[in-house]
Amino acid sequence: MWPVIALALLTAIDAVLCLKPAAFIAACFEAVRWPRRLWWTMPIIKLAAVAGLVAGIWVPYLGATTSLALVLYFLLAVAAHLRAHDLGRNLFVNASGMLLVCIAVSVFCFLR
């Protein structure tokens, strides 16, 4: 289950970076026109995902559901970047990179 723990750690770091958004995260939110009034929700969503992934080590259905929810989250993030014509680093490194990691964890840890 080390990939699940690694994804939980990455997501926890992401949540902390969203508390007072780091410059690159704020730029990402602005690029897709995510309303500032909703920025506060991101750390909560991501910390909930961390909790679901960690609990999923003992309750596999919860881990699978959380993992697939993260896949959906990053699919929507990719779509938001495409819709906003933000075709640089934010799309290809941040959103697409995390999407691939989430897909890999979902497939290799929960769906096989």
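A residue is called buried when its relative accessible area is under 20%, exposed when that value is over 50%, and partly exposed in between. The exercises below use these words for a predicted model.

**Exercise 1. The salt bridge of Asp 14**

Find the partner with which Asp 14 forms a salt bridge, and decide whether each of the two residues is buried or exposed.

Solution. Begin with the pair itself: Asp 14 forms a salt bridge with Lys 46, and the closest N and O atoms are 2.8 Å apart. Next, place the two residues in the chain, where Asp 14 belongs to helix α1 and Lys 46 to helix α3, so that the bridge links distant parts of the chain, 32 residues apart. Then apply the cut-off of 20% to each partner in turn. Asp 14 has a relative accessibility of 17% and therefore counts as buried, and Lys 46, at 6%, counts as buried because this value too is under the cut-off.

**Exercise 2. The other salt bridge**

State how many salt bridges a search of the whole structure finds, and describe the one that Arg 36 forms.

Solution. The search of the whole structure gives two salt bridges. Besides the pair of Asp 14 and Lys 46, there is a bridge between Arg 36 and Glu 30, whose closest N and O atoms are 2.8 Å apart. For the surroundings of this pair, take Arg 36 to start with: its relative accessible area is 56%, so Arg 36 is exposed. Glu 30 has a relative accessible area of 43%, and because this lies between the two cut-offs, Glu 30 is partly exposed.

**Exercise 3. The largest pocket**

Work out which helices line the largest pocket and what classes of residue the lining holds.

Solution. Start with the extent of the pocket, which holds about 630 Å³ of space. The lining consists of 25 residues, and those nearest the centre of the pocket are Cys 28, Phe 29, Lys 46, Tyr 73 and Phe 74. Now trace the lining to its elements: those giving two or more residues are α1 (2-19), α2 (23-31), α3 (41-55), α4 (60-83) and α5 (89-111). The largest share, seven residues, is given by α4. Finally, sort the lining by class, which yields 19 nonpolar, two polar and four charged residues. Lys 46, named here among the residues nearest the centre, is also the salt-bridge partner of Asp 14.

**Exercise 4. A nonpolar patch on the surface**

Identify the residues of the nonpolar patch and the helix that gives the most to it.

Solution. The patch on the surface is formed by Leu 68, Leu 100, Ile 103, Val 107, Phe 108 and Leu 111, which together have about 560 Å² of accessible area. Helix α5 gives the most to this patch, with five residues. As a check on one member, consider Ile 103, whose place is in helix α5. Its relative accessibility is 34%, and so Ile 103 counts as partly exposed.

**Exercise 5. Positive phi in two loops**

Determine where Arg 33 and His 85 lie, and whether each of them is buried or exposed.

Solution. Arg 33 is a residue other than glycine, yet its phi is positive, near 60°. Arg 33 lies in the loop between α2 and α3, and at 56% relative accessibility Arg 33 counts as exposed. His 85 is not a glycine either, and its phi is positive at about 60°. The place of His 85 is the loop between α4 and α5, and with a relative accessible area of 64% His 85 is exposed.

**Exercise 6. Separation in sequence and in space**

For Ala 26, Ala 49 and Leu 9, set the separation along the chain beside the C-alpha distance to a stated partner.

Solution. Ala 26, found in helix α2, is buried at 14% relative accessibility. Ala 26 and Asp 14 are 12 residues apart along the chain, and their C-alpha atoms are separated by 12 Å. Ala 49 lies in helix α3 and counts as buried at 9% relative accessibility. From Ala 49 to Leu 62 there are 13 residues in sequence and 10 Å from C-alpha to C-alpha. Leu 9, in helix α1, is exposed, with a relative accessible area of 52%. Leu 9 and Val 54 are 45 residues apart in sequence, while their C-alpha atoms are 9.6 Å apart in space.

Technical notes: Residues are numbered from 1 along each chain as its sequence is written. This is a predicted model: local features need pLDDT of at least 70, side-chain atom pairs count only at pLDDT 80 or more; totals for chains, interfaces and linings use all residues. Side-chain values use heavy atoms; hydrogens and water are left out. On a 1 Å grid over the protein atoms alone, a cavity is a set of points where a 1.4 Å probe fits but cannot get out, and a pocket is an open set with protein on both sides within 12 Å along at least five of seven lines; lining residues have an atom within 4 Å of a point. Grid points are joined across faces, edges and corners, and a volume is the space filled by probe spheres set on the points. Helices (H or I, at least four residues) and strands (E, at least two) are DSSP runs, numbered from the N terminus. Ala, Val, Leu, Ile, Met, Phe, Trp, Tyr, Cys and Pro count as nonpolar, Asp, Glu, Lys and Arg as charged, and the others, Gly among them, as polar. Patches are made of residues with over 30% relative accessible area and no salt bridge: like charges are joined within 9 Å, nonpolar side chains (Val, Leu, Ile, Met, Phe, Trp, Tyr) within 5 Å. Accessible areas come from the Shrake-Rupley method with a 1.4 Å probe; for residues, only the protein chains shown count as cover. A salt bridge is a side-chain nitrogen of Lys or Arg within 4 Å of a carboxyl oxygen of Asp or Glu. Buried means under 20% relative accessible area, exposed over 50%, partly exposed in between (1.4 Å probe, protein chains only).
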